[in-house]
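Colleague: Please take a close look at a single part for me, the second largest pocket. Which residues lie nearest its centre, and how many nonpolar, polar and charged residues does its lining have?

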Amino acid sequence: MDKIAVVILNWNGVKLLEQFLPSVIQFSESATIYVADNDSTDNSIAFVQANFPTVKIVKNTGNHGFAKGYNDALKHIDAEIYALVNSDIEVTENWLQPIIETFDKEKQTAIIQPKILDFKNKEYFEYAGAAGGFIDKFGFPFCRGRIFDTIEKDNGQYDDNCELFWASGACFFIRKNVFHELGGFDESFFAHQEEIDLCWRAANEGHIIKYNSASKVYHVGGATLQQGNPKKTFLNFRNSLLMMVKNLPKRGLFFVIFFRMVLDGIAGIRFLTQGKFGHTFAILKAHFSFYCLSLPYLKKRKDFQIQQYYTVKSIVFLYYIKKMMLFKEIFNSIQNIKN
């Protein structure tokens, strides 16, 4: 069994592989590198085989998205640690060693995220993950270094190792045994929020999720679906609701979901006033899909859910009403309440 396998999910991404695979090969001497291909119709596989013969190929039978794409591929990969890396990630020298050392020293740590910076603006954090993720009571995710559309410059303010609630799927390290014990990603999600759901399920089982700033990568972001794509809006809103049905504590379950859906409705109205009709329709479609799937998802609930899953009650209130747009401001407000 390999110590660590770097697994890059690909679908028609030959240009991304050409640009970013060399850095992965250069700085991943201790790992076996795989491209998990979601039945690409371009020349991705032929390109990798011709130019990077040391990289192993796992062929999936169709374009099953992020969740099922990884689930299917990882059945064929034997390693103690999986490093799930987006195809638009540039890695840096010594990016693997701090992660391996943490896993070796901390047996309860099951999932780790590195520092994720913006490939196009390298002094800033990147939207999808930044310095590690949390959620509020109503399931809205936010990060150290990124709250909604406010992205911080990296001034070393998150050069630490700390516990998280969720780690970004853009660059996601997980122990093999934990991944399979949890049943992998929820395949109904297709893409988006599946890593938060997996981390939430891991936390319910007593596992620890951490951030390690000594490992650093650069992410392009939006290479598959741009941030403004209504399909992304649909997946994010629907999957967030499904995730909450599975993982929220029983007490207050229906109130929290109802209130979240009200907030979704407000978001839909806001999109409408901005002329973003496709996004309003995407939220309506997400809610309709949620209604159809909610009863089967109630059956996916486990016997135990952690009670204190959220960091703040409402990140929406703090950001849009209180105008707290930096994580430090949020953190200080939490500390003041505790004191």
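Modeller: In sorting a lining by class, Ala, Val, Leu, Ile, Met, Phe, Trp, Tyr, Cys and Pro count as nonpolar, Asp, Glu, Lys and Arg as charged, and the others, Gly among them, as polar. By that division, the lining of the second largest pocket has 17 nonpolar, seven polar and six charged residues. This is a predicted model, in which local features need pLDDT of at least 70 and side-chain atom pairs count only at pLDDT 80 or more, while totals for chains, interfaces and linings use all residues. Residues are numbered from 1 along each chain as its sequence is written, and side-chain values use heavy atoms, with hydrogens and water left out.

The space in the second largest pocket (an open set of points on a 1 Å grid over the protein atoms alone, with protein on both sides within 12 Å along at least five of seven lines) comes to about 750 Å³, a volume being the space filled by probe spheres set on points joined across faces, edges and corners. Its lining, meaning residues with an atom within 4 Å of a point, is made up of 30 residues, and those nearest the centre are Phe 134, Tyr 310, Thr 311, Val 312 and Ile 334.

As for the elements behind that lining, at least two residues each come from β12 (161–164), β14 (208–219) and α11 (327–338), where helices are DSSP runs of H or I with at least four residues and strands are runs of E with at least two, numbered from the N terminus. It is α11 that provides the largest share of the lining of the second largest pocket, with eight residues. For the wider setting, the chain has 11 helices and 14 strands, and its C-alpha trace spans about 55 × 45 × 40 Å along its principal axes.

An enclosed space can be set beside this pocket, since a cavity is a set of grid points where a 1.4 Å probe fits but cannot get out. One cavity of 30 Å³ or more is counted by this rule, and the largest cavity holds about 40 Å³ of space. Ile 8, Leu 16, Leu 17, Phe 20, Leu 21, Val 24, Asn 86, Ser 87 and Ile 89 line the largest cavity, and helix α1 (residues 14–26) contributes the most to that lining, with five residues. In class, the lining of the largest cavity has seven nonpolar and two polar residues but no charged ones, whereas the lining of the second largest pocket includes six charged residues.
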